[in-house]
Amino acid sequence: MPVPARLLSREVLPFLGSFTALTLLALSIDGLLHLFDLLWVGRWLGIPGTLLIIGSTVYSLRKHKVIHRGHPAKLLRWHELLAWFGSLLVLVHAGVHFNAILGWLAVWAMLINVGSGLTGKFLLDRSRRRMEEARQRMRERGLGEEELEDGLYWDSLTFDVVKQWRLVHFPITLAFSVLATAHIVAIFLFWGWK
Ligand code: HEM
Ligand code: HEM
């Protein structure tokens, strides 16, 4: 496949697809809940959604060796899946009701978080592919000094991008956590269940 087509199909499309699927699915489920007069279900979906997102961060605990069980690479896949699915439930939970600003700020922070998570995923996948390709090239042609240098340079660049991305992802996650917690505390203080 030519490089631009490969870039589109491997990197851009999954990214956009995942985000579009999230919004379209949330809108459809919310539409169904409205249709069948089941809005109360959406109200409760905030809880499993939040639990899934919290559960997905087990990956972080494993990565920083707070816990020792589980395979980090597998847990990262679970992190991506559970955070995505939890965000879907929270989006349905938020629905199209506009009474409280705090919850909406949390939703925006969550969406930015998901967008950032997806960006990180593709940066990581890309650097992994580059490493793999560089290794393959070395295997095929023997250890050409210049090429080795070249490959390592690109690898370090892509890893730098990943490192910089982490610096952005963390404060976004923090903002999301603070806003979501504030919303949840406000709900339990004023108990606005309808
Ligand atoms: C334990 C988890 C959660 C519980 C128990 C919960 C509970 C509730 C309840 C009872 C409402 C209805 C408030 C009303 O209509 O006056 C509500 C609305 C809402 N929640 Fe949550 N929620 C949770 C998590 C979240 C999270 C994580 C987010 C965002 C990331 C969120 C965003 C929203 C939004 C946007 C609304 C709509 C506010 C509006 O009507 O304008 N919720 N939540
Ligand atoms: C509400 C949504 C999300 C939250 C709160 C969240 C939270 C986090 C946190 C706290 C980390 C840091 C892990 C660490 O270094 O300790 C992280 C890393 C990461 N997340 Fe998410 N995330 C969310 C959604 C997503 C999604 C949807 C994806 C991809 C599909 C994703 C992919 C990643 C990747 C690839 C990493 C980097 C792994 C690493 O550097 O070791 N995240 N996320």
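**Figure 1. The protein chain follows the pattern α-α-α-α-α-α when read along the sequence.** The model shown is predicted. The chain contains 6 helices and 0 strands. Of its 194 residues, 29% count as buried. Among contacts between residues at least 6 apart in sequence, 76% join residues at least 24 apart.

**Figure 2. Close-up of the packing of helix H2 (residues 39-56) against helix H4 (residues 72-94).** Two packed helices are described by the angle between their axes and the distance between the axes. The axes of H2 and H4 come within 7 Å and cross at roughly 160°. Angles over 145 degrees count as roughly antiparallel, so H2 is roughly antiparallel to H4. The crossing of these helices is left-handed. On the H2 side, the contact is made by Gly42, Arg43, Leu45, Gly46, Pro48, Gly49, Thr50, Leu52, Ile53 and Ser56. On the H4 side, the contributing residues are His79, Leu82, Ala83, Phe85, Gly86, Ser87, Leu89, Val90, Val92 and His93. By type, the residues of the contact of H2 with H4 comprise 10 nonpolar, 9 polar and 1 charged.

**Figure 3. Close-up of Val92 in helix H4.** Val92 has a relative accessible area of 2%. Buried means under 20%, so Val92 is classed as buried. Leaving aside residues up to four places away in sequence, Val92 touches Ala26, Ile29, Asp30, Leu33, Gly42 and Leu45. Among these, Gly42 and Leu45 also belong to the H2 side of the contact between H2 and H4. Val92 and Ser28 are separated by 64 residues in sequence, and their C-alpha atoms are 8.9 Å apart in space.

**Figure 4. Close-up of the packing of helix H4 against helix H5.** The axes of H4 and H5 are 11 Å apart, and the helices pack at an angle of about 155°. H4 and H5 are therefore roughly antiparallel to each other. H4 passes H5 in a left-handed crossing. From H4, the residues in the contact are Leu76, Arg77, Glu80, Ser87, Val90, Leu91 and Ala94. From H5, they are Trp104, Val107, Met110, Leu111, Val114, Lys121, Leu124, Asp125 and Arg128. The residues of the contact of H4 with H5 divide into 10 nonpolar, 1 polar and 5 charged. Ser87 and Val90 of H4 take part in this contact and are also listed in the contact of H4 with H2.

**Figure 5. Close-up of the aromatic pair formed by Phe15 and Phe122.** The structure holds 1 aromatic pair. A pair of aromatic rings is described by the distance of the centres and the angle of the planes. For Phe15 and Phe122, the centres are 5.9 Å apart and the planes make an angle of 70°. Planes over 60 degrees apart count as edge-to-face, and the pair of Phe15 and Phe122 is edge-to-face. The pair links distant parts of the chain, with Phe15 in helix H1 (residues 3-35) and Phe122 in helix H5 (residues 101-141). The two residues are 107 residues apart. Phe15 counts as partly exposed because its relative accessibility is 24%. Phe122, at 12% relative accessibility, counts as buried.

**Figure 6. Close-up of Asp37 in the loop between H1 and H2.** Most residues other than glycine have a negative phi. Asp37 is not a glycine, yet its phi is positive, at about 60°. With a relative accessibility of 64%, Asp37 counts as exposed.

**Figure 7. Close-up of Lys65 in the loop between helix H3 (58-63) and H4.** Lys65 is a residue other than glycine with a positive phi, near 60°. Its relative accessibility is 57%. Exposed means over 50%, so Lys65 counts as exposed.

**Figure 8. Close-up of Pro171 in helix H6 (residues 145-190).** Pro171 is partly exposed, with a relative accessible area of 41%. Pro171 and Asn113 lie 58 residues apart in sequence. In space, the distance between Pro171 and Asn113 is 9.5 Å, C-alpha to C-alpha.

Technical notes. Residues are numbered from 1 along each chain as its sequence is written. Chains are lettered from A and ligands numbered from 1 in the order in which they are written. This is a predicted model: local features need pLDDT of at least 70, side-chain atom pairs count only at pLDDT 80 or more; totals for chains, interfaces and linings use all residues. Side-chain values use heavy atoms; hydrogens and water are left out. Axes are lines fitted to C-alpha atoms, for helices over the stretch in contact, and angles run from 0 to 180 degrees between N-to-C directions. Helices (H or I, at least four residues) and strands (E, at least two) are DSSP runs, numbered from the N terminus. Angles under 35 degrees count as roughly parallel, over 145 as roughly antiparallel, 65 to 115 as roughly perpendicular and the rest as oblique. A crossing is left-handed if the near helix is turned anticlockwise from the far one by less than a right angle, and right-handed if clockwise. Contact means heavy atoms within 4.5 Å. Ala, Val, Leu, Ile, Met, Phe, Trp, Tyr, Cys and Pro count as nonpolar, Asp, Glu, Lys and Arg as charged, and the others, Gly among them, as polar. Rings of Phe, Tyr and Trp (its six-membered ring) pair if their centres lie within 6.5 Å; planes under 30 degrees apart count as stacked, over 60 as edge-to-face and the rest as tilted. Buried means under 20% relative accessible area, exposed over 50%, partly exposed in between (1.4 Å probe, protein chains only).
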